[in-house]
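Trainee: Could you take a close look at one membrane-annotated part, and then connect that part to what surrounds it in the model?

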Amino acid sequence: MWLKCIVFAALLALGSSEVVIGQDELVDEVSGLYTIEGRVSPPDSIIPRGPGSPVNKEASKWQTEVTVSINDGEFKGFVREDGQFLISGVPSGSYILDVHHPDVFYEPVRVEINPKGKFRARKVNFVQPAQIMQVPYPLRMKPLMPFKYFQTREQWKITDFLFSPMVLMMVLPLLLMLVLPKMINDPETKKEIDNLQFPKMGNDMPEISEMLTSLLTGKQPEPKEKKPAPAARQTKKRKEQ
Amino acid sequence: MQAKGMLAGLSALLLLSTCSALYEDQIKKFDWRGVNVGALRQSRVDLNHFQPRILLSTNEGVVASVCVKTGEIVWRQVLEQKPRGDIKLLQVSGFSDDSSDTAAAPIGSNMGFDMLTVQGHAPALVRGWNTNMGALEWEWSTMPLNTERALDGLWFYSRSVLYHVVPTWKSHLEVTAYFASSGHSTGSTSKVMASWITPENCLLSGTYYICVDGKQLISLDLVSKSGQAFRTALEAEPKSKLQPLAGLNGVLIADGKLISVNKDQAVCSGLQSSSYAVGTFNYRKILAYADVASGILKINAVYLDNCSPVAELEQGVPFPEHFGTPSLNSFDCKLKRNGEGKGCLFLFSTSAESILAVQGGRIRWSREEALANVIDTQFVDLPLADTEGTLENEMKGKAVDFTSFERDIVSAFLRRITTQAVQIRSLFLHVIGLGPPPTATQRAGLVRDSFGLHKMLVVLTRSGKIFGIDNISGKHHWQLYLPNVKGFDNAEQMRLIIQRSAKHFPLQPLCTILAQDAANGNGVLYRFNPITGQASEGGLLQLDYKVKQLSLLGETENDFVKGILLLDASNKVHVYPQHATSLADGLYLYTADVKTSELTGYFVKYAGGQLSSTHIWNVRLGGHNSEQQIIGVAGKNPIEHVHSQGRVLGDRSVLYKYINPNLVAFVTQAPDATHKSILNLYLVDVVSGSVIFTMTHRKVRAPLSIVHSENWLAYSYFNEKVRRTEITTIELYEGKSQANSSVWSSLQAPPMPLVERQSYIIPTIVEALRETITERGITNKHVLIGTSSGSIVEMPWHLLDPRRPIASTTQGREEGAIPYIPELPLPTESHINYNQTIARLRNIYTAPSGLESTCLVVATGLDLFVTRVAPSKTFDLLKEDFDYILISIVLVALTSGSLIVKHLASRKLLKQAWK
């Protein structure tokens, strides 16, 4: 008899036209809709606080900047002042929960609700969906890094110029050429090197000052001096080929 | 070896991904964003709050707070998509039908609320908001047991209790009461028998459920214990639909007159107006009403207790036509004894989806919320400056009359000299301030720039309002409103067509809108000048038939108008303007029925001054049980140029592209017993009706986005099996030889293409896809991917390329292809809208600019974002940070250095000579 009464009461409860979700677990099972809960950490923990930065002005109301959505806004959650959010009225299934803030990246989480109402949250892995890495539920969404939308403009600096590979390639051999001979103390080797390395340098190389003067005064340099240089260049080219 | 290949691939990837990023100082330089909320549904003006504010809810499912002084958004919360985000009720605390409201509790406490919204029906979500910040305070939801009936459910609020009314038509009402802020039910659901209720005749006004029954009203007070229905007699049967009056319990508007069914609530029944609102002025309840008469918006008000007019509030405001018909949504006055009425702010919503604030006899601000529903955009070149115009005239003389020009070189020279003299004179006159006054468009700065980057953006919106927007500054130069037009029956939207571009100086450009008449369903054409926004060629043209298909013809010879070819419901063909009719001869047309998935091809013939259409082919894509429905159609952009005819392979041979301008992609979807859902792709030549290629995806469903250009196609869909969004790309090639390099003919059985295909995982939800387009097609094509988070990612085609080799082969590397990686990278540097996200991104439009490197982009959704992209960097422009100072210093230093050296050298020579 008592049992009957209870059943009757339960039926009565069912008979009332609506079910309020989120009050107790039992009702969740009746309606088949569940509530996803979690907390979003504020993004200012990773955005540097500097005066005048555009992010900072709105940092006070990051709660309206953050959107928590599933399936492109089919379900949405809104963040309370303390960062808590809940998405109510979600049927069982597997969803990717996206927390989006225009300036900060939050990692999405896959939330799975089985038909019995068990929750499981794991990392999103599109390439290998079978691989499971669980994350704690209720969700804790932490900002991962600020979005870097912009390239930094190149600025001309003397250090850039000095440390550029071209300059280094020119400067280092020059240093070697000038410094190394002086470091060798043995006079014999010194002589050898002198004889070996720059045998006819003085004769072959046209003097820069002369070339300049001839160029600027419009006078043709003497053909004897000019001839060896292009010939040497040509042989060089041939070698490269 | 493999590592090396990988490295090469990675470095190429890095190179590609960084190629199109913005610099931080370019923010807002050539992009802007318009933030919208949507058409106003409910609003609450509150001038006496410590922080004056306007709280509103909109048809787009947005809750927002708007600044009273400027109309700018203070905060905005975009709710879920419909039907879940459909806002049923917005209730601000301290504002109820009953003045004795106890819900106002201190902010932050869980018991009271600041503002609450009720949205959706299954489940219905009730949310409490903090009105200062826009943050959520609490939330509860309820799931009706009968989802269908809950669709008609209504909500109302009375004395901190929220009531849910679910009607069962012709039978009864179910009323459930909840404590507003907790969601706890106050008791069981009560059933009120009411056999007279029907969906058309009933409404809820405050706590009263009122139905019209012939010449009488039957009303029920849902809060009272008795639940007794009572009848009120009417003078005449109401012709239009009844409307409730917000703010007064049990009062409704019938044919512009107020009727009260509440015995405690007297109304001034002598008034006649189109819209009413209730508020307080000088601590007395007043009723304000507003009407438009001959371009003036008249606002009047009466005291509710004695129906005497409030003289202070009476005002007339000049009302521009393009706002449509206004209706007073709400108002508020500053609490001041003997205030003179200047402190009152009236908030209007209009049929053109604008929000207007009227204060002190003028329109204080307006918001153009029609822009939340953009359905088509076009970029139109601006007119030439006057001086350039004369030059253009001269050049045109040359082009048209080439032979005479050649013959008469002296006269051409003379003309050149005279025009230059005229130019110099006008410049001089301009400098001393005596020149002719500039035209209106020139005064507004609407003059073509040298690179063609400054254009007029013509935007067509769903409400029938058209905007002319400056694409650089974002200024609205003109607005037009077409009442009584709507989109077509099969969810096909209105169309915006450029019939004549601005190239043909001195002829003015011409735009046309093709729409459907809201009243009789026939076609409507509206012709206007896109620079000034004024009607041209007679403006509105009512057609006497229903439009089925539309096509553009080539330019006519004498006035350079592209004719519009219309196929009507009885397969007759019409051309506008009439004199372009002969150009329609030999044209092929196709139609696609979305429901039955049937494609039909027509051939248009012009004989004896008459156009006729012949049905030539039929393709049924419906499948064996006709379940397949077309969910996507993608043709190529008609203004597209394909610059490169082929692709150089690793062995230096050329793979020729299959460029068929008549190729259209169709995507169909159908439910399936074993695979859940099947997606089919068909590539159809719409001239011959031959199916070039088909592909089937199993366990795949919408949302589908598709883009089709040159010889490739990319489409995104949701893969249900692995629960992720994927993009499939297809490239078509003719092979190593070209069948006919000069002319393409679909009728001469062109060879079937080689098809390359590949699928990629994209780690986001794709909302829109669009290819970049440039003037000559030399610049690389990138695909713009609109994501659900509201950002637009610029994806180089190299990454989507179906020829990306899976194994790292030498051939693939020599071809310049990156090894295949299943997941596409979405680097943040290639987000072209950085943190300016576009809420509910729906579509992206692209248009070429005058510069080959640059493509203009508009992204539409709830917000509007306009920018430009340079897929291969701006190779035809000097860099923005080009250092003019450095280069001039270097030049000066070099010249002066050489001079000095010359001097020194001569001195040295002299010295040497003296030695």
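Mentor: In the predicted model shown here, the part to begin with is residues 161-180 of chain A, which an unreviewed UniProt entry annotates as a "transmembrane region". Taken as a span, residues 161-180 of chain A are 90% helix and 0% strand, and the C-alpha atoms at the two ends lie 25 Å apart. The helix to set beside this annotation is H6(A), which runs over residues 165-183. With 19 residues, H6(A) reaches 26 Å from its first C-alpha to its last, and that is close to the 27 Å expected at 1.5 Å a residue. The helix nevertheless has a bend of about 25° at Met177(A), and a proline, Pro181(A), follows within four residues. As for its surroundings, the number of buried residues among the 19 of H6(A) is 0, so the helix lies largely in the open.

Chain B carries an annotation with the same name, since the "transmembrane region" in its unreviewed UniProt entry covers residues 884-905. In the model, residues 884-905 of chain B are 100% helix and 0% strand, with the end C-alpha atoms 31 Å apart.

The link between the two chains can be followed from here. On chain A, 43 residues are in contact with 57 residues of chain B. The elements of chain A that each supply at least two residues to this side include strands S5 (84-91) and S6 (93-100), together with helix H9 (208-217) and the short run S13 (150-151). Sorted by class, the side of chain A that touches chain B has 17 nonpolar, 15 polar and 11 charged residues. Strand pairing also crosses from chain to chain, for S13(A) is joined by 2 bridges to strand S1 of chain B (residues 22-23), and the two run parallel. Within that pairing, Gln151(A) has Tyr23(B) as its bridge partner in S1(B).

Chain B itself has a secondary structure of 9 helices and 60 strands. Its C-alpha atoms fill a box of roughly 120 × 80 × 75 Å along the principal axes, and of its 915 residues 42% count as buried. Among the contacts in chain B with a separation of 6 or more, residues 24 or more positions apart account for 52%.

Some local pieces of chain B show how these strands are put together. Strand S12 (residues 161-168) and strand S13 (residues 172-179) of chain B run antiparallel and are joined by 8 bridges, with His164(B) paired to Thr176(B). They form a hairpin with 3 residues between them, and in the turn Lys170(B) has a positive phi of about 65°. The pairing continues from S13(B) to strand S14 (residues 190-193), again antiparallel, through 4 bridges, and here Leu173(B) stands opposite Val192(B). A second hairpin is formed by S37(B) and S38(B), with 6 residues between them and a positive phi of about 80° at Gly533(B) in the turn. These two strands, residues 523-528 and residues 535-542, are antiparallel over 4 bridges, and Tyr526(B) faces Leu540(B).

The loops of chain B deserve the same care. Asn471(B), in the loop between strands S32 (465-470) and S33 (476-481), is buried because 26 other C-beta atoms lie within 10 Å. Leaving aside residues up to four places away in sequence, Asn471(B) touches Phe379(B), His454(B), Lys455(B), Leu457(B), Leu856(B) and Val866(B). Two loop residues with a positive phi, neither of them glycine, have opposite surroundings. Arg652(B) has a phi near 65° in the loop between strands S46 (646-648) and S47 (654-657), and it is exposed, with 7 other C-beta atoms within 10 Å. Tyr834(B), by contrast, has a phi of about 25° in the loop between helix H8 (810-815) and strand S58 (843-848), and it is buried, with 23 other C-beta atoms within 10 Å.

Finally, cis peptide bonds are found before two prolines. The bond from Lys82(B) to Pro83(B) is cis, with omega near 5°, and Pro83(B) has its place in the loop between strands S6 (73-78) and S7 (87-92) of chain B. A cis bond also joins Tyr576(B) and Pro577(B), with omega about -5°, and Pro577(B) lies in the loop between strands S41 (573-576) and S42 (587-593) of chain B.

How values were computed: Residues are numbered from 1 along each chain as its sequence is written. Chains are lettered from A and ligands numbered from 1 in the order in which they are written. This is a predicted model: local features need pLDDT of at least 70, side-chain atom pairs count only at pLDDT 80 or more; totals for chains, interfaces and linings use all residues. A residue is buried if 20 or more other C-beta atoms lie within 10 Å of its own, exposed if 12 or fewer, and partly exposed in between; C-beta atoms are placed from the backbone. Two residues are in contact if their C-beta atoms, placed from the backbone, lie within 7 Å. UniProt positions are given in the numbering used here, feature names are shortened, and annotations may be inferred rather than shown by experiment. Two strands pair if DSSP finds at least two bridges between them. Ala, Val, Leu, Ile, Met, Phe, Trp, Tyr, Cys and Pro count as nonpolar, Asp, Glu, Lys and Arg as charged, and the others, Gly among them, as polar. The expected span of a helix is 1.5 Å times one less than its number of residues. The bend at a residue is the angle between axes fitted to the seven residues ending there and the seven starting there.
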